[in-house]
Amino acid sequence: MRINPQQLSQQLRRGLAPVYIISGDEPLLVQECCDQIRAAAKKNGFGERELLHAEHNFDWGLLLASAGNMSLFAEKKLIELRAPGGKPGDKGSKALQEFSSLASQDLILLLILPKLDKSQLNSKWIKVLEQDGVLVQIWPVSAQEMPHWISQRMNATGLTAEKEAIKILAERVEGNLLAASQEIEKLKLLNNDGATITVEQLEQSVTSSARYSVFDLIDRALAGEPEKAIKTLQGLRAEGIEPPVVLWALTREIRSLLELGEKLNQGQPIARLVRIQKRQPLIQTALSRLTPHKLEALLLKARAVDSSIKGGSKYQSPWNGLLELTLNLSGQRSI
C-alpha cells in the first residue's frame, strides 16, 4: 500500500502493519512520520526497539538475527533500519524479502530510506515488502506550495496569519521545513490559541526572539571571525536549534559562494549579484581566502555532517562536524 504522509495517522488508527517504509529527503516530514509510527507501536505494546544502520559492508544477517532476538521482558519488538543509500544490494534485497515473512503483529520493521527513483520503486524487494506493508512517499514542498504548507501548519497549532506574513516567512526560510516549523513553534509560544499573526509580529519573531541566529553565524564566518562564529554556533545549540537548520544555512552559503565566485570571475559586478550592500564586503572577504576547490571540499564535509545527522555515522557528532565546517568557512583551519 502506498500512501502520503497526510494519510498515515488514519492508517495507523486502523491497525499496525508489519512493515513501514518511509521514503523521502525532507528530514522534518521523515522524522514526523517515524515519530507517529513509534508512538503507535508503543501504544500497542511494542516495548522493545532496536536501531540498525545499513551502511557499506553492513551485515544483513543482523536484521534477521534481530528478528529472532526478543527481549525476555518485551513481547513485541520494533526494528528500525536506516539505509541512507537506498540500495540494499543483492544480500540486502534477499534479507529484506526474508524478513517480510517473519514480520508479524509482534514484530514490526520501520525501514527509513531516501527518495526512491522509479527503478527502485519497481524493485522486487520493495514490492514484496509492500504486499503486507505500507510505503509512505514524502515529496519535497516546492516554493509555490510553501505558503500553503505554512498556513496548514499554523492552523494545526491553533494560529492563523495574515497572507503577507505567511509570504514573508516562506521567503525567509527558503524551503527549509524544519526552520519554518521552529518559527511557527516560537509564534505559538508567544501568542494565544486562535491568534492571527500580523506582519509586524512575524518580523519581530524572526529577527529578535532568539539571541542567536543562523544568519549571524554565516555573517561572522564570512567575515573571518572564528571566535565570534563559534560563540554563535554554541549559542544556537544552547537555544535548541536543530543541527539540520544550521547545516542548511552553512551549505546554502557555500553553494552561493561557489556561484558568486564564478560570476565575479566572469566580470559581473558584485553590486548586481549581492543586493544587500552590507553583505558585499563579507562575500568578497570570504572569496579572497576560499578557492572553488576549497568550497567543493567544504560541500563534501557538509555531506558527511548530513550523514551523521541521519545516523549514518555512529562516531561523529553532528555538532563536531558543524564546528569543523564553521571553522573552515571562517578560514581558521586548512581544508
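What follows is a short chat about a few local features of this predicted model.

Tutor: Since the model is predicted, local features need pLDDT of at least 70, side-chain atom pairs count only at pLDDT 80 or more, and totals for chains, interfaces and linings use all residues. Residues are numbered from 1 along each chain as its sequence is written, and side-chain values use heavy atoms, with hydrogens and water left out.

Student: Why is glutamine 280 called buried?

Tutor: Buried means under 20% relative accessible area (1.4 Å probe, protein chains only). Glutamine 280 has 14%, so the label fits.

Student: What makes glutamine 280 and valine 274 a polar contact?

Tutor: The cut-off is a pair of N or O atoms within 3.5 Å, where one must be able to donate a hydrogen and the other to accept it; residues adjacent in sequence count only if both atoms are side-chain atoms. Here a polar side-chain atom of glutamine 280 sits 2.9 Å from the backbone oxygen of valine 274.

Student: How do you know that cysteine 33 has no bond to cysteine 34?

Tutor: A disulfide needs two cysteine sulfur atoms within 2.5 Å. Cysteine 34 has the closest cysteine sulfur to that of cysteine 33, but at 6.9 Å it's too far for a bond. The disulfide count comes to zero. Cysteine 33 is buried, at 2%, and cysteine 34 is buried, also at 2%.

Student: What puts the buried residues of helix 11 on the same side?

Tutor: Helices are DSSP runs (H or I, at least four residues), numbered from the N terminus. In helix 11 (residues 214-222), the buried ones are Val214, Leu217, Ile218, Ala221 and Leu222. They span an arc of only 125° around the axis, so they share one side of helix 11; that arc is taken from the directions from the helix axis to the C-beta atoms.

Technical notes:
Buried means under 20% relative accessible area, exposed over 50%, partly exposed in between (1.4 Å probe, protein chains only). Helices (H or I, at least four residues) and strands (E, at least two) are DSSP runs, numbered from the N terminus.
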